[in-house]
Amino acid sequence: MRRLFLLVAVAVLLLLGTLAFILPYLLKHHIEQHSEEWIGRRVTIDHIVLNPFTFTYAVNGVRCLEPGSTEVFVSWKEISVKCDLWSGFLEHHWRFRQLRIRDPYIQVFQEGDRFNFSDLIELGASGTATNPAEQGTTRFSMENIQLSGGRIRYAGDLLKSPIGISDLEANCTRITSDNARMDFDLHFTIDGGGEAGGRFMIDTDRSLYAVHADIQSFALAPLLPYLQDFLHTTELRGDLDLALDLED
């Protein structure tokens with residue numbers, strides 16, 4: 001019996017090891033081949049990690065292009081998380097930890113009331129709605145969340161020039177289905193001059209929100225194209241500091 005148990009254990013380990021090496025490659029190839037069919041955008045992936053031994057799962061080096069273009073819509077260097085999937089299946093409680101999001105980038109473009117992601121929202125809304133009462137008692141928790149090196153670019157038909165933020169850093173200790181409250185820290189650089197950061201709290205159960213933020217050295221010069229529609233003025237000089245403490 002001991003010999004049989006040993007053979008079964010070795011077979012299971014070999015199977016898991018094989019899947020850990022082969023399945024990510026097959027999944028990467030399948031996504032890249034069918035991404036335009038699914039979402040109308042070409043997606044490329046450097047590599048996928050599915051490691052059942054260290055409970056590590058990641059999708060790295062992702063680039064999603066605008067429809068029919070070589071311009072990047074969304075990209076990131078790394079998104080990884082740790083989770084014991086077997087325990088989640090058995091207990092119906094998914095415990096994720098050490099979520100890492102490195103160098104994410106998103107470009108948002110607005111034309112009228114349409115955005116460059118409106119078609120994706122409509123695509124998701126076309127699915128069959130589920131009744132929350134029928135979803136069971138599955139719970140989840142996410143601990144130790146970190147985002148670093150984020151960038152956001154926003155352009156629109158009403159804007160004089162694109163605006164954006166870079167060096168986005170965000171941290172959150174815990175998000176869980178057992179508690180509607182979420183506390184997180186945020187810091188970013190404003191393109192054109194200035195920095196912003198602070199602590200934020202959202203509690204949807206109690207409709208309670210809190211912002212404790214600081215804006216430092218926000219450059220006034222980039223505001224000039226917008227003000228010229230309303231008044232005659234020469235160049236703007238200087239910068240603005242603002243401290244905001246709000247709870248409601």
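Visitor: Which residue stands opposite Tyr-57 in S3?
Guide: Val-81 in strand S3 stands opposite Tyr-57. Please keep in mind that the model is predicted.

Visitor: How many bridges hold S2 and S3 as a pair, and in which sense?
Guide: Strand S2 and strand S3, the latter covering residues 72–83, pair over 9 bridges in the antiparallel sense.

Visitor: What lies between S2 and S3?
Guide: The two strands form a hairpin, with 6 residues between them. In that turn, Gly-68 has a positive phi of about 60°.

Visitor: And what does S2 do with S1?
Guide: Strand S1 (residues 43–51) pairs with S2 over 8 bridges, again in the antiparallel sense. One position to look at is Asn-51, which stands opposite Thr-56 in S2. S1 and S2 form a hairpin with 4 residues between them, and Phe-55 in this turn has a positive phi of about 60°.

Visitor: How many residues of S2 are buried?
Guide: Strand S2 runs over residues 56–65 and is mostly covered, as 8 of its 10 residues are buried.

Visitor: Let us change topic. Where is Trp-86 found?
Guide: Trp-86 is found in helix H2, which spans residues 85–91.

Visitor: Is Trp-86 buried or exposed, and why?
Guide: Trp-86 is exposed because its relative accessible area is 63%, and the cut-off for exposed is over 50%.

Visitor: How many residues separate Trp-86 and Pro-52 along the chain?
Guide: They are 34 residues apart along the chain, and their C-alpha atoms are separated by 9.3 Å.

Visitor: Now the later strands. How do S8 and S9 run?
Guide: Strand S8 (residues 163–176) and strand S9 (residues 181–190) run antiparallel and are joined by 6 bridges. Within this pair, Ser-166 has Thr-189 in S9 as its bridge partner. A hairpin of 4 residues joins S8 to S9.

Visitor: Which strand pairs with S9 over 9 bridges?
Guide: That is strand S10 (residues 195–203), which pairs with S9 in the antiparallel sense. Phe-184 stands opposite Phe-200 in S10. The hairpin of S9 and S10 has 4 residues between the strands, and Gly-192 there takes a positive phi near 100°.

Visitor: What comes between S10 and S11?
Guide: There is a loop, and Asp-205 has its place in it; strand S11 covers 208–219. Asp-205 counts as exposed because its relative accessibility is 67%. The C-alpha atoms of Asp-205 and Ala-180 are separated by 5.9 Å, although these residues are 25 apart along the chain.

Visitor: Turning to the surface, which residues form the negative patch?
Guide: Asp-214, Asp-239, Asp-241, Asp-245 and Glu-247 form this negative surface patch.

Visitor: Which strand gives the most to it?
Guide: Strand S12, residues 239–247, gives the most to the negative patch, with 4 residues. Asp-241 lies in this strand, and Asp-241 is exposed because its relative accessible area is 54%.

Visitor: Which residues make the nonpolar patch?
Guide: Phe-21, Ile-22, Leu-23, Tyr-25 and Leu-26 make a nonpolar surface patch of about 570 Å².

Visitor: Where is Leu-23, and how does it count in terms of exposure?
Guide: Leu-23 has its place in helix H1, which covers residues 2–39. Leu-23 counts as partly exposed because its relative accessibility is 40%, and partly exposed lies between the cut-offs of under 20% for buried and over 50% for exposed.

Technical notes:
Residues are numbered from 1 along each chain as its sequence is written. This is a predicted model: local features need pLDDT of at least 70, side-chain atom pairs count only at pLDDT 80 or more; totals for chains, interfaces and linings use all residues. Side-chain values use heavy atoms; hydrogens and water are left out. Patches are made of residues with over 30% relative accessible area and no salt bridge: like charges are joined within 9 Å, nonpolar side chains (Val, Leu, Ile, Met, Phe, Trp, Tyr) within 5 Å. Accessible areas come from the Shrake-Rupley method with a 1.4 Å probe; for residues, only the protein chains shown count as cover. A salt bridge is a side-chain nitrogen of Lys or Arg within 4 Å of a carboxyl oxygen of Asp or Glu. Lys and Arg count as positive and Asp and Glu as negative; His and the chain ends are not counted. The place of a charge is taken as NZ of Lys, CZ of Arg, CG of Asp or CD of Glu. Buried means under 20% relative accessible area, exposed over 50%, partly exposed in between (1.4 Å probe, protein chains only). Two strands pair if DSSP finds at least two bridges between them.
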